[in-house]
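Me: I would like to go through this model step by step, with questions that can be checked against the structure itself. Please show it, and then we can begin with how far it can be trusted.

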Amino acid sequence: MYLKRKSIRFFQPLAILCVICLLINIQRVNAGQSNSLMDISTDGKLLACSNRDNGSVSIIDLQSHKLLSEIKVGKHPEGVSFLGKTHLLATAVYDEDLVLFLDADTGKQIGQTEVFDEPYGIVSTKNGKKIFVTLDYPGRIVEIDTNSKKITREFSSGKHLRGIAISNDDQNLFTTEYYTALVRQIDLASGSTIDEWPGGSTDNLSRQITLHPHRAKAYLPHIRSRITVAHGAGSIFPIVSIVDTKSGEGKRRRKIPMDSFQGARVTSNPWDTAITPDGKTFFVVFAGTDDMFVCNVIDDDYRELTFRASLRLGHNPRAVRVAPNGKTFYVYNALDFNVVAYDTRTLRPQAIIDVASNPLGEEILLGKRLFYTALQPMSSRLWISCASCHPDGQPDGKTWHNPEGLRNTQSLAGMAWTHPIHWSADRDEVQDFEHTIRGPLMQGKGLVRGRINPSLDAPNSGLSRALDAMAAYSNTHQFTLSPHAKKGLNPSAKRGRTLFFSKQTQCANCHTGPFLTDSVPSKKFIRHDVGTAVDNPGEEMGPAYDTPTLLGVYRTAPYLSHGKAQTLEEVFTKYNHDDKHGKTSQLSKQDISDLAEFLKALPYEDPIPKAKAAGLVKVEK
């Protein structure tokens with residue numbers, strides 16, 4: 001007995017030291033390790049949350065669960081990251097092309113860095129001296145010195161990058177392509193890609209990646225878009241993919257369908273994930289069904305995750321983070337404008353912290369909640385919401401095999417002023433999407449009680465407060481200026497502009513006016529046969545199509561109704577049969593390049609003032 005007690009006394013200091021080291025390590029790898037709309041400071045005292053609709057970052061005291069400050073940062077902030085062990089942080093302001101540096105203790109901005117376009121995810125090195133930021137368009141990573149606030153390196157890593165995580169030793173980055181869910185490992189010493197894990201052809205919308213704190217595993221939430229199935233029970237599925245990141249074994253990747261993870265429980269639009277510091281508990285939030293799964297992490301290289309519990313959350317949850325001590329986790333409900341704290345062991349809520357006020361007004365907020373939900377009355381099967389194909393008004397990068405033919409998903413930017421809607425011009429108001437809500441794709445109860453009018457017939461507007469609200473939100477999406485014209489049009493784009501508006505090419509015969517389209521709200525619809533129906537053998541409503549706006553076309557590949565043109569150059573060449581889509585067959589390669597350069601620069605000025613002068617946009621009273 002004496003020897004046993006003596007042994008315990010001898011090993012006790014060593015055990016305590018090991019526990020302390022483990023806790024230090026847990027805290028070190030937690031703050032800023034993976035991109036999210038939330039981050040927690042390494043000391044566990046503060047939480048930062050970016051509020052996209054408010055254009056702000058909120059700072060919460062985690063001891064009192066009180067809001068300390070809300071810092072205005074600009075249009076549509078996304079990722080936030082504390083810098084190392086400090087209370088300084090950086091945020092990616094997506095539509096301002098800025099990375100802003102903030103002091104969480106004072107609630108003040110302390111610097112900024114201008115980037116090329118669409119900064120999304122941010123991670124920090126453990127010493128806080130450098131941050132790495134993904135640029136959604138065109139697919140770059142920028143390294144920023146946090147002292148000078150200057151970009152020290154840029155490297156290309158695919159297309160449309162969003163997710164980013166940094167390894168515990170600061171030696172590697174892991175990134176995700178938004179539209180393909182492809183994962184890359186980047187060596188920070190050289191900036192080169194050293195491994196990659198492709199997703200499947202149907203994988204899509206991967207905006208975040210989480211590294212296991214101890215094991216060589218990476219977890220990414222995304223969806224699977226089965227473009228050949230235009231049915232709500234088989235078109236879009238929620239997925240968590242798990243990548244084995246071990247050197248020499250990095251080609252292994254497993255998908256876990258979240259809709260069949262717990263029996264037949266269907267979820268929609270997985271948005272963010274997190275893991276407790278001990279690596280034993282995994283969280284994934286579903287922005288479409290307003291819930292989350294709490295899972296046990298299994299170290300077997302096979303099952304990976306087992307179900308523990310599901311929790312009902314607030315409206316449109318977009319982020320989840322775990323406190324450094326692992327005792328509490330936090331969920332950001334984007335359309336409730338709050339953060340909810342939960343006990344990790346009991347899963348019970350501990351506090352609700354309002355982080356911002358509703359900036360949208362009651363009608364737009366109602367419409368946005370409907371747009372993002374996969375629950376009734378919008379959807380009966382729970383797999384799909386409007387946001388599954390049009391997240392934040394952007395396209396999903398896919399071409400769907402719809403009953404009427406191939407249809408490339410379009411951006412919603414400018415939709416309010418460029419009616420009719422769809423390539424087929426089969427809807428003259430957003431309220432006509434009640435037919436989609438009730439139809440095979442969404443199978444919802446709908447937002448109108450009783451009969452609705454056929455599309456292009458008597459108006460459906462005014463039949464339902466909820467339907468009008470959904471339409472009002474859908475019509476709020478505006479254009480951002482092209483990053484290719486920040487310094488004005490370059491010589492190539494200027495030559496392309498001359499060609500575009502010339503009688504020689506006749507491009508401006510259809511692409512005219514402030515929005516470069518002859519599709520404007522009126523009783524007379526104009527459609528054109530531009531020869532593209534020959535590449536769409538399943539076409540049922542062509543061969544004439546609505547003229548889309550060209551504003552913002554630089555980031556919306558693939559092109560044309562059938563989505564087969566991968567580049568703007570292919571629009572003028574490979575898919576311009578018999579010169580029906582502009583007279584371009586006689587143009588030289590340089591001319592084609594100049595035309596494409598001009599289109600990439602659109603819009604190079606705000607179209608709204610000219611549209612208001614032309615009476616195309618109502619002037620606010």
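Reply: A term is needed first: pLDDT is the predictor's confidence in each residue, from 0 to 100. A second one is contact, which means heavy atoms within 4.5 Å. This is a predicted model, in which local features need pLDDT of at least 70 and side-chain atom pairs count only at pLDDT 80 or more, while totals for chains, interfaces and linings use all residues. Residues are numbered from 1 along each chain as its sequence is written, and side-chain values use heavy atoms, with hydrogens and water left out.

Me: Over which residues does pLDDT stay under 50?
Reply: The protein chain has an average pLDDT of 92, and 94% of the residues score at least 70. For the stretch with pLDDT under 50, the model has 16 contacts beyond four places in sequence. That stretch is residues 1-30.

Me: What is the order of the strands in the open sheet that holds strand 5 and strand 8?
Reply: Helices (H or I, at least four residues) and strands (E, at least two) are DSSP runs, numbered from the N terminus, and two strands pair if DSSP finds at least two bridges between them. This sheet has four strands with antiparallel pairing, and its edge strands, strand 5 (77-82) and strand 8 (108-114), each pair on one side only. The order is 5-6-7-8.

Me: Which residue in strand 6 is the bridge partner of Val-80?
Reply: Strand 5 pairs with strand 6 (residues 88-93) in the antiparallel sense, over four bridges. The partner of Val-80 in strand 6 is Thr-91.

Me: Which strands stand at the edges of the open sheet with the order 26-27-28-29?
Reply: The four strands of this sheet pair in the antiparallel sense. A strand at the edge has a single partner strand, so one side of it is left without a neighbour in the sheet. The edge strands are strand 26 and strand 29.

Me: Which residue of the turn between strand 28 and strand 29 has a positive phi?
Reply: Strand 28 (residues 338-343) and strand 29 (residues 349-354) run antiparallel and are joined by five bridges, with Val-339 standing opposite Ile-353. The two strands form a hairpin with five residues between them, and phi is about 65 degrees at the residue in question, Leu-347.

Me: Is Phe-337, just outside that hairpin's strands in the loop between strand 27 and strand 28, buried or exposed?
Reply: Most residues other than glycine have a negative phi, and most peptide bonds are trans. Phe-337 has a positive phi, near 55 degrees, and is placed in the loop between strand 27 (328-333) and strand 28. On the scale used here, buried means under 20% relative accessible area, exposed over 50%, and partly exposed in between (1.4 Å probe, protein chains only). With a relative accessible area of 5%, Phe-337 is buried.

Me: How many residues of strand 13 are buried?
Reply: Strand 13 (residues 161-166) runs antiparallel to strand 14 (residues 172-177), to which four bridges join it, and Ile-166 stands opposite Leu-173 in strand 14. Strand 13 is mostly covered, and the number of its residues that are buried is six of six.

Me: What do the buried residues of helix 2 pack against?
Reply: In helix 2 (residues 362-372), the buried residues include Ile-364, Leu-365 and Phe-371. Their packing partners are strand 22 (270-275), strand 26 (317-322) and helix 4 (465-474).

Me: At what angle do helix 2 and helix 4 pack?
Reply: Axes are lines fitted to C-alpha atoms, for helices over the stretch in contact, and angles run from 0 to 180 degrees between N-to-C directions. Angles under 35 degrees count as roughly parallel, over 145 as roughly antiparallel, 65 to 115 as roughly perpendicular and the rest as oblique. Helix 2 and helix 4 are therefore roughly perpendicular to each other. Their axes are 7 Å apart, and the angle is about 85 degrees.

Me: Which proline is joined to Leu-602 by a cis peptide bond?
Reply: The proline lies in the loop between helix 7 (589-600) and helix 8 (608-613). Omega of this bond is near -10 degrees, and the residue is Pro-603.
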